[in-house]
Amino acid sequence: MSQEEFNGVHMIPFGLLICFVDELEVRVTELSEKGFCFRVPQKLEKISRIRLHYFVFEQSCYEEIVIRDYRIEERREQDFFVEYLVLSEQEDYRKCSRELIQDYWDYISVKLLGDEAYLSAERTGYPAALDGEHYDTFEEQKRIWFSEVAQTAEGGEFPSDLELAIELDGPKWYKAYLELEFGAMMESYWEENGLRHHAFCRKRPERIYIGNQFCHHLFPEKKVLFSMLEKSEREDLKVTISFSYLRDFTLEETENLLQELEQWCHDRGTTFEILVNDWGMAQLLRGRDQCLTPCLGVLLNKRRKDVRYRYKKGFWTREDKKNPGPLGENSVNAWWYREYLREELRIERYEFEMCGYFLDIPEGRHSLHLPFFQTNTSQYCPLYAKCVTKDRGNQRLAKQCPEYCREFVFLYPAHLNMVGRYNSLFGFDSRSICDMELLKVYRDQGIDRIVVNLM
């Protein structure tokens, strides 16, 4: 068949069309209703089975077609690859190829006509007209969020068999914790966010998280950290220390701090949990005393999280613990990965976030953070770039940070329920603090600790 007769669409994006020749995953280079071309690094001796996986835009899922009726020929051979042409008159192949090509051209046409908001509106029903509506300040945004929560959650009961923990993740709360009696600090914490009648505030937290999982500049100074540890000992509070990613220039300092924490535990007969958000930190803890217990942090317990998912057509958000939907699972649901974490790195507890859809929690005893969830983190802080250069894209590593995040945040359209805080973007999951029954469902799956951070 000549090039003119075939007349295929070149280089359909890999995520839209996946091809397997026997067990080999190959690149489709051209597609039409009559057939398709694929590329391999060397000649194939024998082909037994060809499968195509088409992305269906409307349902946001893949449909598999097994090519049974086909003719294959070598199209061309180059220095680094061989290209084959597969011709087929199979009806389901032709139907799926025709629909994918049409969807792909529709997508390109819409993308050329407007901006990203226009594209999202056309493809998913995203309310682009609301993008111009913003809150004036983060304080106003939080006040509205939490006032709605307080009304919905009034009268609920926090499950008595769940541990309650509070995240102290920045200088403001380090200072408050050291200056105030813990009960007084918690009263101020709930009151400041309009939640003094919420079910959370009727239970005294049993644990505090010290440090920030996302920005290493927000980790407390050593003097402040050990003062907080001394106070937690006096107030009978368990402690989890949150480390972020490691930078080369912080490696020696971090290793020395771990040694001091280890000695502290030996002297007092206590233990600390250490949140691991960098594989380098996991290696630093490897072989250390059992008094420092590593836990898998949010940055390593990765999953897809986006506040815009609720606008996506075909996105399955059914809250069914037996079938939680397409995003419910992530890497820790694989038994062999959990075995590696346990046997090689001593990690058995994982930190999860409520993020707008139901999670499939693997076996074990794990923690659930709420109501905010992280969607993006940059070591080259966009807030720092905006304050210093007036351009958030002009990012650079800040070895010494003036902590602009004490005063500034990035605000986003009100309907998105998100905020840019320090070097990260966060979504707000209101249901996570409205629905106490939902917490019981997670408790039955293996969550034994709720970690609250109201920012």
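**A walk from helix α6 outward**

Let's start at helix α6, residues 182-192, where F182, M185, M186, Y189 and W190 are buried. Those five side chains cover an arc of only 130° around the axis, which means they sit on the same side of α6. Keep in mind that this is a predicted model, with every value here computed from it.

What do the buried residues of α6 pack against? Their partners are β9 (163-168), α5 (171-179), β10 (207-211), α7 (222-234) and β19 (447-453). Both ends of the helix are worth a click too. At the start of α6, a side-chain oxygen of E181 comes to within 3.0 Å of the backbone nitrogen of G183. Past the other end, α6 is followed by G194, and the phi of G194 is positive, near 70°.

Now pick one of those packing partners, β10. Are its residues buried or exposed? Five of the five residues of β10 are buried, so the strand is largely enclosed by the rest of the structure. The strand has pairing partners as well. With β9, β10 pairs in the parallel sense over four bridges, and in β10 it is Y209 that stands opposite E167. With β11 (residues 238-242), β10 again pairs in the parallel sense, over five bridges; here I208 stands opposite V239 in β11. To get from β10 to β11 the chain passes through α7, and this β-α-β crossover is right-handed. So α7 turns up twice: as the helix of that crossover, and among the elements that the buried residues of α6 pack against.

On to the charged residues. Side chains of opposite charge can pair when their charged atoms come close. How many salt bridges does the structure hold? There are 38 salt bridges, and a few of them make good stops.

Take K95 and E99, which form a salt bridge with their closest N and O atoms 3.1 Å apart. Both belong to helix α2 (residues 91-113), and because they are four residues apart there, about one helical turn separates them. K95 has a relative accessibility of 39%, so it counts as partly exposed. E99, at 40%, counts as partly exposed too.

The next pair brings us back to α7. The side chains of R268 and E233 meet in a salt bridge, 3.3 Å from N to O. This one links distant parts of the chain: R268 lies in helix α8 (residues 251-268) and E233 in helix α7, 35 residues apart. How exposed are the two ends? R268 is partly exposed, with a relative accessible area of 36%, and E233, at 43% relative accessibility, counts as partly exposed as well.

For a third example, look at R443 and D444, whose salt bridge has its closest N and O atoms 3.3 Å apart. R443 counts as partly exposed at 27% relative accessibility. D444, at 53%, counts as exposed, because the cut-off for that label is over 50%.

Last stop: a network. Which residues do salt bridges that share partners join together? They join E163, R207, K238, E273, R349, R365, D448 and R449 into one network. Select these eight names in your viewer to see the charged residues that the shared partners connect.

Note on methods: Residues numbered from 1 in each chain as written. Predicted model: local features only at pLDDT ≥ 70, side-chain atom pairs only at ≥ 80, totals over all residues. Heavy atoms only, no water. Buried < 20%, exposed > 50% of the residue type's maximum accessible area, 1.4 Å probe, protein only. Helix = DSSP H or I, 4+ residues; strand = E, 2+ residues; numbered from the N terminus. Arc of directions from axis to C-beta. Contact = heavy atoms within 4.5 Å. Polar contact = N/O pair within 3.5 Å; in protein donor to acceptor, adjacent residues only side chain to side chain. Pairing = 2+ DSSP bridges. Right-handed = clockwise from strand over helix to strand, strands pointing away. Salt bridge = Lys/Arg side-chain N within 4 Å of Asp/Glu carboxyl O.
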